[in-house]
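Subject: Handing over a structure, with notes on what was found

Dear colleague,

I am passing on a structure that I would like you to look through at your own pace. Please open it first, and then read the notes below with it in view.

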Amino acid sequence: MPGSKKKIKLTWTELRQQRNALARFELYLPTLQLKQQQLQSAILETLREHRRATQAAEASEKKLSTYDAVFKDPAGINVANLSEPEEIRTVETNIAGLKVPVFESVAFTRPVYSLFGTSPWVDRALADLRDRNRHLAELRIVEQKRALLGAELKKVTQRVNLFEKVVIPQAREHIRRIRIALGDRMTAAVARAKIAKEKLEEKERGSHTENESP
């Protein structure tokens, strides 16, 4: 798992693996950051949609206040039931790899009542009630969309932070430590080789001196 702690080996093989891992992490991070930006932009647009839907619902609710008296008429049609959506139609759209619902329309039951036997306000009240319920249905879908986008943004932001603050710095630190260790070993090996060479040369000089003595 990225960011998990493990003991690293101070070897050339480990150095190569760490470099490859760092390259992958640095390649993946911009993809995550792009997704984060797309989600942030989508959430801002969804907030605007939510505000528009809320204002429309409030305006239609205000219009319904004029029907308070007639809604209480026991002889009237039950327009409240007739105004409830029978179906809320949505489509799915893909935002930064996430499928979210988008409000499309609502379907209502076809009202059955006598045009001549009902009060003249029924048609208008029913239309206004349905208009209000249409806006409320859209509002609920927008809220679902916003919740999904918010949850996804939270996950992506956590991963961006993980890669930026933990995974990539850790990989760079591992590479630094391995390079220092390998450099120290190479320096020590060169020093040992130099000492061995000097001893060999000294031995050869001593042997040569002995051969030249009478």
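What follows is a walk through the fold, the strands, the salt bridges and one buried arginine.

Please keep in mind throughout that this is a predicted model, and that the values below were computed from it.

Overall fold

The protein chain contains four helices and two strands, and if you follow the sequence from its beginning you will meet them in the order α-α-α-β-β-α. Of the 214 residues in the protein chain, 29% are buried, while the chain as a whole exposes about 14800 Å², with carbon and sulfur atoms supplying 54% of that area. When we consider the contacts in the protein chain with a separation of 6 or more, 78% of them come from residues that lie 24 or more positions apart.

The two strands

Strand β1 covers residues 85-95 and strand β2 covers residues 98-108; the two run antiparallel and are joined by ten bridges. If you would like a place to begin looking at this pairing, find V91, which stands opposite V102 in β2. The two strands form a hairpin with two residues between them, and in that turn A96 has a positive phi of about 55°.

Salt bridges

As a general point, side chains of opposite charge can pair when their charged atoms come close. The structure holds eleven salt bridges, and I describe some of them here.

In one of these, the side chains of E152 and K35 meet at 3.1 Å, taken from N to O. This pair links distant parts of the chain, since E152 belongs to helix α4 (residues 121-212) and K35 to helix α1 (residues 12-64), and the two are 117 residues apart. Are these two partners buried or exposed? E152 has a relative accessibility of 12% and therefore counts as buried, whereas K35, at 23%, counts as partly exposed.

E152 also meets K155 in a salt bridge, with 3.5 Å from N to O between the side chains. Because E152 and K155 are three residues apart in helix α4, they are separated by about one helical turn. Salt bridges that share partners thus join K35, E152 and K155 into one network.

A further salt bridge brings together the side chains of R52 and E45, at 3.4 Å from N to O. Here R52 is partly exposed, with a relative accessible area of 47%, and E45, at 30% relative accessibility, counts as partly exposed too.

A buried arginine

The last residue I would point out is R132, which is placed in helix α4. With a relative accessible area of 15%, R132 is buried, because the cut-off for that word is a value under 20%. Which side chains does the side chain of R132 meet in polar contacts? One such contact, of 2.6 Å, is made with the side chain of E61, and another, of 2.8 Å, joins R132 to the side chain of N133. If its neighbours within four places in sequence are left aside, R132 is in contact with A57, S60, E61 and L64, so that E61 appears both in this list of contacts and as a polar partner of R132.

With best wishes

Note on methods:
Residues numbered from 1 in each chain as written. Predicted model: local features only at pLDDT ≥ 70, side-chain atom pairs only at ≥ 80, totals over all residues. Heavy atoms only, no water. Buried < 20%, exposed > 50% of the residue type's maximum accessible area, 1.4 Å probe, protein only. Contact = heavy atoms within 4.5 Å. Areas by Shrake-Rupley, 256 points an atom, 1.4 Å probe, with all protein chains shown as cover. Pairing = 2+ DSSP bridges. Salt bridge = Lys/Arg side-chain N within 4 Å of Asp/Glu carboxyl O. Polar contact = N/O pair within 3.5 Å; in protein donor to acceptor, adjacent residues only side chain to side chain.
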